[in-house]
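Grab a coffee and open the structure in your viewer. Below you'll find some exercises to work through, each with a solution to check against.

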Amino acid sequence: MSKWDDPLTSVLRGENLKTPPLWFMRQAGRYLPEYRAVRAKHQSFVEFCLHPEDAADVTLQPIRRFDMDAAILFADILLIPHALGQGVRFVTGEGPLLEPVVTDELLRRLDPTRVGEILAPVCETVERVREALPREKALIGFAGAPWTVATYMINGQGSKDPAATRRLVYSDPEMIDQLMAMLVDATSDYLIAQAKAGANALKLFDSWAGGLPEDLFRRLCLAPSIEIAKRVRAAADVPILYFPKGAGPLYSLAARADAFNGLAIDHALPVGWAREALGAAKALQGGLDPLLVVQGGPAMEHAAKTLLETFEDRPYIFNCGHGFVPETPPEHVAELVRIVRSH
């Protein structure tokens, strides 16, 4: 039996469990028919995220179906731009589209004082889910890291190579610093509120951390995320995961940061390197290519067992290196859970 109430929190506190806890990014999503039924009730995705009853329902759906060790709050990293006053809409087939913030004038239009009120329904969702979950199941709250959210806000959409954001860093560093400071404040308050509402662990998604020079990674990804983690830790005793997706060898810089209890690794990071280079003091999570769950069968099983064997003697949380895609067969997810639990 773990020292803490749930296996995930135990691992993030440094315990090495024989059977690692498991959960999956986007485990509540379009691959589940029950999710699609609830989503169809809402005209906009933002409205859906801010509807506590339905957001709590879909948060719990994968727990009911697959018995994962943790639920992750159903929300979106772009709720903070929405709460600040930037237009955010989700278009089928295109993903999120935002009114770009590229001038000081537009930056001044954003209103940090409204964030708590606009995002209060998210905290109600946390309360509802925590009340419904057994104690041995963790609830993970989350937010986007400032660099990733700023990238969306400036580009107006996601970008594998956020060149426009990097150009702005060089051409108007003062404006970038103002935006990042605003996002650090808003994100810290948001995560503290989630923790106080009942989240057992928190995760910072830095989805666009890849492709940055080391100095910009330190300044724009690592420093703001560490500051958020420090503020959260000062207000609430919850472990914190950081996910600098695509950072490659720069993951080692995040591994040295005391502010994080664990690092989520993407599926492009060599697991042998991660095992050796990221040290044993911090929990690691993830590493499985989510497309293997679409494929299923022997390839998925082999990759899952390789991860379990690679990290069997250190604190580890089983997960993919990114979220489930919509075409993931639910029966493959059930089989993956069986493989991990029977290892």
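The exercises that follow cover the sheet, a hairpin and some helix packing, and the model is a predicted one.

**Exercise 1. Work out the strand order of the open sheet of seven strands, and find which strands stand at the edges.**

Solution.
- Step 1: Trace the sheet from one side to the other. The order reads E1-E4-E5-E6-E7-E8-E9, and the pairing is parallel.
- Step 2: Look at the two ends. Strand E1 (70–72) and strand E9 (316–317) each have a single partner strand, so each has one side left without a neighbour in the sheet.

**Exercise 2. Describe how strand E5 (residues 201–205) is joined to E4 and to E6, and decide whether the residues of E5 are buried or exposed.**

Solution.
- Step 1: Start with strand E4 (residues 138–144). E4 and E5 run parallel and are joined by five bridges. One pair to click on is Ala143 with its bridge partner Leu204 in E5.
- Step 2: Now turn to strand E6 (residues 240–243). E5 and E6 are joined by four bridges, again running parallel. Here Lys203 has Leu241 of E6 as its bridge partner, while Leu204 stands opposite Tyr242.
- Step 3: Add the helix. H12 (residues 214–235) packs on the sheet and touches both E5 and E6, with its direction at about 165° to that of E6.
- Step 4: Check burial, using under 20% relative accessible area as the cut-off. Five of the five residues of E5 pass, so the strand is largely enclosed by the rest of the structure.
- Step 5: Split the strand by face. Ala201, Lys203 and Phe205 are buried on one side, and Leu202 and Leu204 are buried on the other. Yes, the lysine is in that buried set too.

**Exercise 3. Find the sense in which strands E2 and E3 pair, and say which residue of their hairpin takes a positive phi.**

Solution.
- Step 1: Strand E2 (residues 88–91) and strand E3 (residues 95–98) pair over four bridges in the antiparallel sense. For one of the partners, go to Val88, which is bridged to Leu98 in E3.
- Step 2: Walk through the three residues between the strands, and you'll meet Gly93 with its positive phi near 85°.

**Exercise 4. Describe how helix H9 (residues 146–155) packs on helix H11 (residues 173–197).**

Solution.
- Step 1: Get the geometry. The two axes come within 10 Å and cross at roughly 120°, which makes H9 oblique to H11. The crossing is right-handed.
- Step 2: List who touches whom. H9 brings Pro146, Trp147, Val149, Ala150, Met153 and Ile154, and H11 brings Ile176, Leu179, Met180, Leu183 and Val184.
- Step 3: Sort these residues by class. You get eleven nonpolar, no polar and no charged.

**Exercise 5. Do the same for helix H8 (residues 120–132) and H11.**

Solution.
- Step 1: The axes come within 8 Å and cross at roughly 30°. With the cut-off for roughly parallel at under 35 degrees, H8 and H11 are therefore roughly parallel to each other. H8 passes H11 in a right-handed crossing.
- Step 2: In the contact, Val122, Cys123, Val126 and Glu127 of H8 meet Tyr190, Ala193, Gln194 and Ala197 of H11.
- Step 3: The class count for H8 with H11 comes to six nonpolar, one polar and one charged.

Definitions and conventions:
Residues are numbered from 1 along each chain as its sequence is written. This is a predicted model: local features need pLDDT of at least 70, side-chain atom pairs count only at pLDDT 80 or more; totals for chains, interfaces and linings use all residues. Side-chain values use heavy atoms; hydrogens and water are left out. Two strands pair if DSSP finds at least two bridges between them. Helices (H or I, at least four residues) and strands (E, at least two) are DSSP runs, numbered from the N terminus. Axes are lines fitted to C-alpha atoms, for helices over the stretch in contact, and angles run from 0 to 180 degrees between N-to-C directions. Angles under 35 degrees count as roughly parallel, over 145 as roughly antiparallel, 65 to 115 as roughly perpendicular and the rest as oblique. A crossing is left-handed if the near helix is turned anticlockwise from the far one by less than a right angle, and right-handed if clockwise. Contact means heavy atoms within 4.5 Å. Ala, Val, Leu, Ile, Met, Phe, Trp, Tyr, Cys and Pro count as nonpolar, Asp, Glu, Lys and Arg as charged, and the others, Gly among them, as polar. Buried means under 20% relative accessible area, exposed over 50%, partly exposed in between (1.4 Å probe, protein chains only).
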